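Let's take a friendly walk through this model, with an eye on how its helices pack. Have the viewer open as you read.

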Amino acid sequence: GPLGAPGQAFGAYLGAALSGGSVGAAPCGDIDGLLPELRVYLHLLALVHAVKGGRAGDACVLADALAAYLESKHRFTLAPFTAKALYYLARAYEMAGRLSDA
């Protein structure tokens with residue numbers, strides 16, 4: 001993706017959300033050391049924040065990064081998060097007018 005690893009996308013969005021900028025403006029840090037469930041939960045919170053804030057471009061970047069991360073993991077404990085992530089991925093692409101790309 002445009003921001004590199006999924007952890008970097010999350011860190012960039014979190015930093016931007018705290019500073020009022022857009023994705024890539026102010027990296028907050030990497031989250032690679034976290035348990036997958038916690039990492040996905042935090043990433044999902046950032047995605048929901050972007051969607052509810054009407055930031056379609058940021059939401060698409062976050063959704064793509066989260067989907068890529070979830071595809072790389074094969075844990076049954078991530079199934080509920082995957083369902084929510086797919087919903088918000090579709091919602092982000094719908095907001096951006098790119099639903100056929102999702």
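## Helix H2 and its two partners

Of the 102 residues in the chain, 36% are buried, meaning under 20% relative accessible area with a 1.4 Å probe and protein chains only. The model is predicted: local features need pLDDT of at least 70 and side-chain atom pairs count only at pLDDT 80 or more, while totals for chains, interfaces and linings use all residues. Residues are numbered from 1 along each chain as its sequence is written, and side-chain values use heavy atoms, leaving out hydrogens and water.

The chain comes to 4 helices and 0 strands, taken as DSSP runs (H or I of at least four residues for helices, E of at least two for strands) numbered from the N terminus. Along the sequence this reads α-α-α-α. Among the contacts (heavy atoms within 4.5 Å) with a separation of 6 or more, 56% link residues 24 or more positions apart.

H2 has 17 residues and reaches 24 Å from first C-alpha to last, close to the 24 Å expected at 1.5 Å a residue (1.5 Å times one less than the number of residues). Its buried residues include Val40, His43, Leu44, Leu47 and Val51. Just after H2, Gly54 takes a positive phi of about 75°.

How does H2 sit against H3 and H4? The table gives the geometry, with axes fitted to C-alpha atoms over the stretch in contact and angles running from 0 to 180 degrees between N-to-C directions.

| Pair | Angle | Axes |
|---|---|---|
| H2 (residues 36-52) and H4 (residues 79-95) | roughly 25° | within 10 Å |
| H2 and H3 (residues 56-72) | about 160° | 9 Å apart |

H2 and H4 are therefore roughly parallel (angles under 35 degrees), and their crossing is left-handed, the near helix being turned anticlockwise from the far one by less than a right angle. On the H2 side, the residues meeting H4 include Glu37, Tyr41 and Val48; those of H4 include Phe81, Tyr88 and Met95. By class, this contact has 11 nonpolar (Ala, Val, Leu, Ile, Met, Phe, Trp, Tyr, Cys and Pro), no polar (the others, Gly among them) and 4 charged residues (Asp, Glu, Lys and Arg).

H2 and H3 are therefore roughly antiparallel (angles over 145 degrees). Their crossing is left-handed. Here Pro36, Arg39 and His43 are among the H2 residues that meet H3, whose own contact residues include Asp58, Leu62 and Tyr69. That contact has 14 nonpolar, 1 polar and 2 charged residues.

Definitions and conventions
Parallel < 35°, antiparallel > 145°, perpendicular 65-115°, else oblique. Buried < 20%, exposed > 50% of the residue type's maximum accessible area, 1.4 Å probe, protein only.
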